[in-house]
Amino acid sequence: MEAIRKQASKLREQVARQQQAVMKQFGGGYGADGAFADEAEAQQHSKLEKLYISTRAAKHFQRDIVRGVEGYIVTGSKQVEIGNKLCEDGKKYGTENTCTSGSTLSKAALSFAKARSMMEKERSNLLKALGTQVAEPLRAMVMGAPLEDARHLAQRYDRMRQEAEAQAIEVSKRQMKLREASGNGDMISRLEAAETKLQELKSNMGVLGKEAVAAMTAVEAQQQRLTLQRLIALVESERNYHQRVLQILDQLEREMVSERQRIEGAPPPVVESSMPPPPAYEEVNGIFMRNTVAELVETVEYFLAEAIQSYRAESDTELNLAAGDYIVVRKVSNNGWAEGECRGKAGWFPYDYIEKRERVLASKVTQVF
């Protein structure tokens, strides 16, 4: 439709120029100084054309914004749905997890689910704001009465202008006929009637043109102001949304990093040992000695060792160790146990908890005995 309108406008301009050329050639009373050579009317007509083009372009831009926002809302609503499903999955894992090595991941899943729920709520608020503050006002203006009324005035002015052009040609023809057949009273009266009608058309066209220009100017100003306001509202809504989401993510990251640091800095978890119990202390030292016990124990030369991790004794025959303690190792069994003395006490402890040392600081010697 726009292409057809442009083509029709070009054709009308060509016809008008041809008509003016004909009127000039025959010296008609409405030639160069006639109806359509008036400078004020020409300026009014040019301004109205520019206003029509401007308001049409703004209307299309407003419609593009509305369509873009509506598409964003549809896509965003689907993202909210997916995000809420992910939130539910996180909550389910966090509440139902039965991991035997700790609840770190469960806590992280619950924190993630909580943060995700807050982010999806912010996204929903953003979509609602875009609909009420951007799409609806612009849609109302695109479909509103002020724009349509102004465009109708402009179209009425255009039709009246075409009618005035045709009437000017009619007046020129009657003037030519009157010159050819001078003194004909009937032709004179018809010419006067045609000239009167032309003057009425010119007068009405001037009034209607002013009304159309005023209406289109008001619509153009309203379009510019409202569209700019809605664009600013769109930017502010998105900025506020991203700022709040960033705050949520920062808090979530701090919680997760803190939990990770706590886990990494904690001592290794105590794992139930599958090692067989150590030999009875009395049996190893010759009391009620059995052959099976003697086969398990290898007598070695005494050596010094350092505890590389703590060990808590589970029976009277075992020895408590703290990381950094020095021990005099006296026996090592074949099933992973060692026997020694530390801080005046003797007992069994896992051999993997110590490392042999060739030298000991003088300040540590008193700890051994």
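Biologist: What pattern does the chain follow when read along the sequence?
Modeller: Read along the sequence, the pattern is α-α-α-α-α-α-α-β-β-β-β-β-α. The chain has eight helices and five strands. Helices (H or I, at least four residues) and strands (E, at least two) are DSSP runs, numbered from the N terminus.

Biologist: What should be known about the model and its numbering?
Modeller: This is a predicted model, in which local features need pLDDT of at least 70 and side-chain atom pairs count only at pLDDT 80 or more, while totals for chains, interfaces and linings use all residues. Residues are numbered from 1 along each chain as its sequence is written, and side-chain values use heavy atoms, with hydrogens and water left out.

Biologist: What share of the residues of the chain counts as buried?
Modeller: Of the 369 residues, 34% count as buried. Buried means under 20% relative accessible area, exposed means over 50%, and partly exposed lies in between (1.4 Å probe, protein chains only). The chain exposes about 23,200 Å², of which carbon and sulfur atoms supply 53%. Such areas come from the Shrake-Rupley method with a 1.4 Å probe, and for residues only the protein chains shown count as cover.

Biologist: Why is Leu105 called exposed?
Modeller: Leu105 has a relative accessible area of 53%; the term requires a value over 50%, and Leu105 is therefore exposed. Leu105 is placed in helix H3, residues 104-142. Its C-alpha is 9.5 Å from that of Met256, although the two are 151 residues apart in sequence.

Biologist: What span does H3 have, and what span is expected?
Modeller: The 39 residues of H3 reach 55 Å from first C-alpha to last, close to the expected 57 Å. The expected span is 1.5 Å times one less than the number of residues.

Biologist: Where in H3 does a kink lie?
Modeller: The kink, of about 35°, lies at Ala135, shortly before the proline Pro137. The bend at a residue is the angle between axes fitted to the seven residues ending there and the seven starting there.

Biologist: Why does His45 count as buried?
Modeller: The relative accessible area of His45 is 15%; the limit is under 20%, and His45 is therefore buried. His45 lies in helix H2, residues 39-96. Leaving aside neighbours within four places in sequence, His45 is in contact (heavy atoms within 4.5 Å) with Tyr157, Asp158 and Arg161.

Biologist: Why is Arg156 called partly exposed?
Modeller: At 44%, the relative accessible area of Arg156 falls between the two limits, and the residue is therefore partly exposed. Arg156 is found in helix H4, residues 145-180. Its C-alpha is separated by 8.9 Å from that of Gly209, 53 residues apart along the chain.

Biologist: How many aromatic pairs does a search of the whole structure find?
Modeller: The search finds two. Rings of Phe, Tyr and Trp (its six-membered ring) pair if their centres lie within 6.5 Å; planes under 30 degrees apart count as stacked, over 60 as edge-to-face, and the rest as tilted.

Biologist: What makes the pair of Tyr311 and Trp337 edge-to-face?
Modeller: The centres of Tyr311 and Trp337 are 6.3 Å apart and the planes make 75°; with the pairing limit at 6.5 Å and the edge-to-face limit at over 60 degrees, both conditions are therefore met. Tyr311 lies in the loop between strand S1 (297-307) and strand S2 (326-333), while Trp337 lies in strand S3 (residues 337-342), 26 residues apart. Both residues are buried.

Biologist: Why is the pair of Tyr311 and Tyr353 called edge-to-face?
Modeller: The ring centres of Tyr311 and Tyr353 are 5.5 Å apart and the planes stand at 80°, so the pair is edge-to-face. Tyr353 is in the loop between strand S4 (345-350) and strand S5 (354-356), 42 residues from Tyr311. Ring pairs link Tyr311, Trp337 and Tyr353 into a cluster.

Biologist: Are Tyr311 and Tyr353 each buried or partly exposed?
Modeller: Tyr311, at 11% relative accessible area, is buried, whereas Tyr353, at 22%, counts as partly exposed.

Biologist: How many disulfides are counted?
Modeller: The count comes to zero, the rule being a pair of cysteine sulfur atoms within 2.5 Å. Cys87 counts as buried, at 4% relative accessibility, and Cys342 counts as buried, also at 4%.
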